[in-house]
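Open the model in your viewer and keep the sequence panel visible. The tour below goes from one selection to the next and says what is found at each stop.

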Amino acid sequence: METRVRHDKERSRYELLLDGEVIGVAEYYLNGDDLVFPHTEIGFAHRGQGLGAVLVRSAMDDVRATGRLVVPICWYVRDFLDANPDYQDLLAA
């Protein structure tokens, strides 16, 4: 089982792939320089395996590399940031 995350800039989302198949997405839109994350989803058959955290962690690492900040409207992204203090610096004011 090989997972990887890719950034699909044209569709404004991060995609989690499992053996080449998209099984999860973290959608975003730009608000000034901030990335607003309104929705994150893992396919039903793959829930409960920690894959949402893999997806969001990779997305947050990418956001950090760009120097942007995050507005976590999605409950999962908000909970991930709350549970991982090392990502608190990404929160927009």
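Start by selecting Asp33: leaving aside its neighbours within four places in sequence, Asp33 is in contact with Arg68 and Leu69, where contact means heavy atoms within 4.5 Å. This is a predicted model, in which local features need pLDDT of at least 70, side-chain atom pairs count only at pLDDT 80 or more, and totals for chains, interfaces and linings use all residues. Residues are numbered from 1 along each chain as its sequence is written, and side-chain values use heavy atoms, with hydrogens and water left out.

Stay on Asp33, which sits in the loop between β3 (21–31) and β4. Helices (H or I, at least four residues) and strands (E, at least two) are DSSP runs, numbered from the N terminus. Asp33 counts as exposed because its relative accessibility is 58%; buried means under 20% relative accessible area, exposed over 50%, and partly exposed in between (1.4 Å probe, protein chains only). Now add Ala92 and draw a C-alpha to C-alpha distance: Asp33 and Ala92 are 9.7 Å apart in space and 59 residues apart in sequence.

Next, select Glu15 and show side chains. A salt bridge here is a side-chain nitrogen of Lys or Arg within 4 Å of a carboxyl oxygen of Asp or Glu, and the whole structure has 5 salt bridges. Glu15 is buried, because its relative accessibility is 1%. Its partners can be picked in turn:

- Arg6 forms a salt bridge with Glu15, with the closest N and O atoms 2.4 Å apart; Arg6 is partly exposed at 33% relative accessibility.
- Arg13 meets Glu15 in a salt bridge at 2.8 Å, N to O; Arg13 is buried, with a relative accessible area of 12%.
- Arg11 meets Glu15 in a salt bridge at 4.0 Å, N to O; Arg11 is exposed at 53% relative accessibility.

Salt bridges that share partners join Arg6, Arg11, Arg13 and Glu15 into one network.

Keep that view and add Asp8, found in strand β1 (residues 3–8). Which side chain of opposite charge is nearest to Asp8? It is that of Arg11, 4.3 Å away, and Asp8 is buried yet has no salt bridge. For charge, Lys and Arg count as positive and Asp and Glu as negative, while His and the chain ends are not counted. Leaving aside neighbours within four places in sequence, Asp8 is in contact with Arg13 and Glu15.

Two backbone stops follow. Ser12, in the loop between β1 and β2 (13–18), has a positive phi of about 55° although it is not a glycine. Asp19, in the loop between β2 and β3, has a positive phi near 50° and is also a residue other than glycine. Ser12 is partly exposed at 26% relative accessibility, and Asp19 is exposed, with a relative accessible area of 58%.

Last, select Thr40, Glu41, Ile42, His46, Arg47, Gly48, Gln49, Gly50, Leu51, Gly52, Trp75 and Tyr76, which line the largest pocket. The elements giving two or more residues to this lining are β4 (34–42), α1 (51–66) and α2 (75–83). The largest share, 3 residues, comes from β4.

Conventions
On a 1 Å grid over the protein atoms alone, a cavity is a set of points where a 1.4 Å probe fits but cannot get out, and a pocket is an open set with protein on both sides within 12 Å along at least five of seven lines; lining residues have an atom within 4 Å of a point.
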